[in-house]
Amino acid sequence: MSEPNPRLPGQPHIARLGDTLHVEQVSLQTLAREHGTPLFVYSKQWMLDALAAYQRGFEGRNALICYAMKANSSLGILRVFAQAGCGFDIVSGGELARVLAVGAEPAKIIFSGVGKTRAEMRQALDADIGCFNVESEEELDVLNEVAVAAGRRAPVSIRINPNVDPKTHPYISTGLKGNKFGIAHDRALHAYQHAASLPGLKVVGIDCHIGSQITEASPYLDALERVLDLVQAIEEAGIPLHHIDFGGGLGIDYNGDTPPAADDLWQQLLARIDARGFGQRKLIIEPGRSLVGNAGVCVTEVLYTKPGEDKNFCIVDAAMNDLPRPAMYQAYHRIEQLSARHGDAAKTYDVVGPVCESGDWIGRDRVLDVRAGDLLAVLSAGAYCMSMASNYNTRNRAAEVLVSGSSATLIRRRETLEDQMRNELAGD
Ligand code: LLP
């Protein structure tokens, strides 16, 4: 009889070896003992493999992959992508400072976001970033003023809202006309003509991002046609566009989800781009989740189990401040026991954190055979967990470890109460 496959389904970098879960070749049990819990652990190989799928998709093309660092902005993660030659999609002056700190090439940085301040614009101009993705006509005017005052011309692309339904959670849909993002398709040509007339701006591209955790190719294909229609119209009006930025948004497998592979998706999109005669154009993309989401797990300890009237609760030491996605988007994260079961009768639990809110849950109706002191791994925790973590209930943010093969590097020390209170003034 052949050995059972030790790898978890859809998680090739996580395996059950010798009675406990490993990320690559490092035991999560050992890491938890060394660094405490809750603890985020990331696989470098998973990130590089995810990046390689995009790189295969763009082989032989003039393309730039800008990691959307809001997904996970820890310096140790940014360094992996900087060293792999990626550019970065940033949304604040803070994110700019982070990527510059890991040695990102300024020309490969693009700045998205609906509410850039004048100070952030100035900071990005001084850093000589590659492009500002502008999201409103007022923003064009303000950026022009800031650039003129600095004696510079700001490279700009206008973010188009194509009014396409990405078929994802409403909070992470961004390309519908009711969303705050981008400039409506119908206004786009006018906005480009205005941008081209301003002395402090240099039009370089067009961009679009329709949402996140997209698991089908069709919304991308629909949005692409609308963007290409605009490229044609804008260029016919005499404004050349050097690049097309098609955003991010590709989903990952949280719970048997089957998003297209990055290379398959891009094969389909490139076929359309070629068919419409734009194959030579520089392409930029801004993937976030799909480069880090399944690289990470969060290890947490069971504090108590408690039978309830209607259901059982498994109370763990990670909470909504560490893993905010279930509370915010009713998101599903798989939960695995680190060690073998006890052989007690498994029960169905709601896995919840210590935070004083009923919304503080991590998984509902999970069948577990656990006792206090056991460790659990919350999967798919690489994206939008640590970067969205907070100090709610005065909880210290977790530590983070980056694993590569058999080596494990601490990339963030656990926060301390002193860190938390450092900037506060209690007054007299
Ligand atoms: N580009 C822009 C302009 C974006 O707004 C975003 C994400 C991305 C790229 C990257 O999208 P991705 O490839 O990661 O889907 N906190 C939510 C997700 C928010 C996404 C916001 N924008 C979650 O946990 O599901």
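## Helix H7 and its crossing with H8

A crossing of two helices is called right-handed if the near helix is turned clockwise from the far one by less than a right angle. In this predicted model, helix H7 passes helix H8 in a crossing of that right-handed kind. Helix H7 comprises residues 185-197 and helix H8 residues 218-236; their axes lie 10 Å apart and the helices pack at an angle of about 30°. Angles under 35 degrees count as roughly parallel, so H7 is described as roughly parallel to H8.

On the side of H7, the contact is made by His 185, Ala 188, Leu 189 and Tyr 192. Helix H8 contributes Arg 226, Leu 230, Ala 233 and Ile 234. The spacing of such contact residues can be read against a general property of helices. An α-helix has 3.6 residues a turn, so residues three or four places apart point the same way.

## Helix H7 and its neighbour H6

Helix H6, residues 137-149, also packs with H7: the two axes come within 10 Å and cross at roughly 10°. H6 and H7 are therefore roughly parallel to each other. The residues that meet are Glu 137, Leu 140 and Asp 141 in H6, and Arg 187, His 190, Ala 191, His 194 and Ala 195 in H7.

Within H7, the residues His 185, Ala 188, Ala 191, Tyr 192 and Ala 195 are buried. Of these, His 185, Ala 188 and Tyr 192 take part in the contact with H8, whereas Ala 191 and Ala 195 take part in the contact with H6. The cover over the buried residues of H7 includes both helices, H6 and H8, together with strand S10 (154-161), strand S11 (183-184) and strand S12 (201-207).

## Aromatic pairs

A search of the whole structure finds seven aromatic pairs. One of them joins Tyr 67 and Phe 88, whose ring centres are 6.3 Å apart and whose planes stand at 70°; the pair is edge-to-face because the angle is over 60 degrees. Tyr 67 belongs to strand S6 (residues 63-68) and Phe 88 to strand S7 (residues 87-90), so the pair ties together parts that are 21 residues apart in sequence. Both rings belong to buried residues: Tyr 67 has a relative accessible area of 0%, and Phe 88 has one of 1%.

Phe 246 and Trp 266 form another edge-to-face pair, with 6.0 Å from centre to centre and 85° between the planes. This pair links distant parts of the chain, 20 residues apart: Phe 246 is in the loop between strand S13 (243-245) and helix H9 (262-275), while Trp 266 is in helix H9. Phe 246 counts as buried at 4% relative accessibility, and Trp 266 is buried with a relative accessible area of 4%. Phe 246 and Trp 266 also belong to an aromatic cluster, in which they are joined by Phe 58 and Tyr 220.

## Charges over rings

Two residues place a charged group over an aromatic ring. The charged end of Lys 116 sits over the ring of Phe 111, at 5.5 Å from the ring centre. Arg 364 lies over the face of Trp 361, 4.1 Å from the centre of that ring.

## The surroundings of Arg 98

Arg 98 is part of helix H4, residues 93-101. Its relative accessible area of 31% makes Arg 98 partly exposed. Leaving aside residues up to four places away in sequence, Arg 98 touches Met 69, Ser 73, Ser 74, Leu 75 and Leu 78. Of these partners, Leu 78 is 20 residues from Arg 98 in sequence, and the C-alpha atoms of the two residues are 8.2 Å apart.

## Backbone features

A cis peptide bond is found between Thr 37 and Pro 38, with omega about -5°. Pro 38 is placed in the loop between helix H1 (28-35) and strand S5 (39-43).

Asn 163 is not a glycine, yet its phi is positive, at about 55°. Asn 163 is located in the loop between S10 and S11, and at 36% relative accessibility Asn 163 counts as partly exposed. Asp 365 likewise has a positive phi of about 55° without being a glycine; Asp 365 lies in a strand, S19 (residues 361-368).

Conventions: Residues numbered from 1 in each chain as written. Predicted model: local features only at pLDDT ≥ 70, side-chain atom pairs only at ≥ 80, totals over all residues. Heavy atoms only, no water. Phe/Tyr/Trp six-rings, centres within 6.5 Å; stacked < 30°, edge-to-face > 60°. Helix = DSSP H or I, 4+ residues; strand = E, 2+ residues; numbered from the N terminus. Buried < 20%, exposed > 50% of the residue type's maximum accessible area, 1.4 Å probe, protein only. Lys NZ or Arg CZ within 6 Å of the ring centre and 35° of its normal. Axes fitted to C-alpha atoms, helices over the stretch in contact; angles between N-to-C directions. Parallel < 35°, antiparallel > 145°, perpendicular 65-115°, else oblique. Contact = heavy atoms within 4.5 Å.
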